[in-house]
Amino acid sequence: MGKITGFLEYEREDRDYEPVAARIHHWREFILPLPDGEYVKQAARCMDCGVPYCQGTGSVAPGSPGCPVNNQIPDWNDLVYKGNWDEAARNLHSTNNFPEVTGRVCPAPCEASCTLNIDENPVTIKSIECAIADRAIAQGLKAEPAAARTGKRVAVVGSGPAGMACAQQLARAGHEVHVYERWAKAGGLLRYGIPDFKMEKHYVDLRVVQMEAEGVTFHYGAHVGVNLPADKLLKDYHAVVLTGGAEKPRDLPVPGRELKGIHFAMDFLPQQNRRVSGEKAADGEPILAKGKHVVVIGGGDTGSDCIGTSFRQGALSVTNFEIMPQPPLHENKMLTWPDWPLKLRTSSSHEEGVEREFAVLTTKFSGANGAVKKLHCVHVDDKFKPVAGTEFEIDAELVLLAMGFVHPVHEGLLKSLNLTLDKRGNVGASTDDYKTSIDKVFAAGDMRRGQSLVVWAIREGRQAAAAVDEYLMGSTLLPR
């Protein structure tokens, strides 16, 4: 906790955004930090609430309240209030390998679970976390190499948040860790999915440098199961951890889907991230929104990222369709708190001028000369059945499908290993030990649980590292 009467003395003050008119003309982060003194006041608002749901219950259920990595939030709020930023950073890093990431892109279930949120006035936990992490980075991230080596070799396939967290934990436990990444740089969705205006990529680069200093070796351009046989990893390593994410996008198989100008979000977003970084573009025609009417189908975070990216590329207009009905503006706290509530959420990208419509089903695409020109749509009821008389059309020269991801890509790695999958098509493994159906092969993150949040990936990567360490050594001191 912070100051025992702080929540009575100080009002909630959070970070603000650069004005829309300015921020849509660049790709930098646009959140404006608070003065250091204001962070101290905000940390002081953390109250002696008895049961700090903010730091999580330890449950593996996606809807369980609080922080999935079990950040010790009241502890580091108290340390910030007392001006002990260094100890706050040590405490924060003890549960979260990449707090500068979650401090930027996490939806903050901790704040939904804050006791003060009963009165719509939660502690600014996410902003304080980001400030702690950024101060630690400004002072220089220090490598934490293991004091002794175990002689065990571990391969981690995929360098997203789950893979990086897993690799770092295993290296610090003394194992020789090799990370295999199919793209040119590490980070997974942190690098190629999340736009730079939400998180600049030098934060990923800093963690890669730190991990290399701790003994982690990164292998780029290594697409396991495609240009690198999975069997080779099984022969060369004592354990293999699969953290390749859930990359199979949900499609929209309606008439006209074959028209040019209709793309998956994850064909669109990585192109722009590569342009910003100066990385060589992947094969394929450039997908650009400049001068076009854009329709984004899907109302989640990926859809939001497509909206912000389209505006920055110079789209004439952006419309967002969601098949679900519009959620309520506010939740009933007496029914939902401390759980994550269903309510209308408006992102910074939504504020940049998008037209949002809910309960909309696209029935077909039409075009001219092989390119999309129109969407044909209808409103649906709460059972997703078309409502007669609500049909409409909308112009579009670019359509971005951001309807989520169904499961990991099965071709290549998973088929070559012949792993058992669960009923949703994810790699079968429990959170007890993260073991797959093949000896010494483990799975974590979205590849195991399905599409989820960055913070859940970090949790699973850390827990899988503890499971691997115990498998190799008979016991582990790594935290779960």
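Helix α13 (residues 265-277) lies across strands β8 and β15 in this predicted model, and the direction of α13 makes about 75° with that of β8. Both strands belong to an open sheet of five strands, arranged in the order β8-β15-β9-β10-β11 with parallel pairing. The edges of this sheet are formed by β8 (262-264) and β11, each of which pairs on one side only. From one strand to the next, the twist averages 20°.

Within this sheet, strand β9 is joined to β15 (residues 398-401) by four bridges, and the two strands run parallel. Val 294 has Leu 398 as its bridge partner in β15. Strand β9 (residues 293-297) also pairs with β10 in the parallel sense, here over five bridges. In this pairing, Val 296 is partnered by Asn 320 of β10. The connection between the two strands includes helix α14 (residues 301-313), and β9, α14 and β10 together make a right-handed β-α-β unit.

Strand β10 (residues 317-322) is largely enclosed by the rest of the structure, because five of its six residues are buried. Besides its pairing with β9, β10 pairs with β11 (residues 355-358) in the parallel sense over four bridges. Asn 320, the bridge partner of Val 296, stands opposite Arg 356 in β11. In a regular strand, side chains alternate between the two faces of the sheet.

The loop between α13 and β9 contains Gly 291. With a relative accessibility of 41%, Gly 291 falls between the limits of 20% for buried and 50% for exposed, and therefore counts as partly exposed. Not counting residues up to four places away in sequence, Gly 291 touches Gly 314, Ala 315 and Leu 316. The C-alpha atom of Gly 291 is separated by 38 Å from that of Trp 340, a residue 49 positions away along the chain.

A further open sheet of five strands has the order β5-β4-β3-β6-β17, and its pairing is parallel. Strands β5 (217-220) and β17 (441-443) are the edge strands, each pairing on one side only. Neighbouring strands in this sheet are turned against each other by 20° on average, direction ignored. At the β17 edge, three bridges join β17 to β6 (residues 239-242), and these strands run parallel. Val 240 stands opposite Val 441 in β17. Helix α9 (residues 161-172) packs on this sheet and touches β3 (153-157), β4 (176-181) and β6. The direction of α9 makes about 165° with that of β4.

A contact between helices is formed by α5 (residues 85-93) and α8 (residues 125-139), whose axes come within 9 Å and cross at roughly 105°. This angle lies in the range of 65 to 115 degrees, and α5 and α8 are therefore roughly perpendicular to each other. On the α5 side, the contact is made by Trp 85, Asp 86, Ala 88, Ala 89, Leu 92 and His 93. The residues contributed by α8 are Glu 129, Ala 131, Ile 132, Ala 133, Arg 135, Ala 136 and Gln 139. By class, the contact of α5 with α8 comprises eight nonpolar, two polar and three charged residues.

Notes
Residues are numbered from 1 along each chain as its sequence is written. This is a predicted model: local features need pLDDT of at least 70, side-chain atom pairs count only at pLDDT 80 or more; totals for chains, interfaces and linings use all residues. Side-chain values use heavy atoms; hydrogens and water are left out. Axes are lines fitted to C-alpha atoms, for helices over the stretch in contact, and angles run from 0 to 180 degrees between N-to-C directions. Angles under 35 degrees count as roughly parallel, over 145 as roughly antiparallel, 65 to 115 as roughly perpendicular and the rest as oblique. Contact means heavy atoms within 4.5 Å. Ala, Val, Leu, Ile, Met, Phe, Trp, Tyr, Cys and Pro count as nonpolar, Asp, Glu, Lys and Arg as charged, and the others, Gly among them, as polar. Buried means under 20% relative accessible area, exposed over 50%, partly exposed in between (1.4 Å probe, protein chains only). Two strands pair if DSSP finds at least two bridges between them. A crossover is right-handed if, with the strands pointing away from the viewer, the path from the first strand over the helix to the second runs clockwise.
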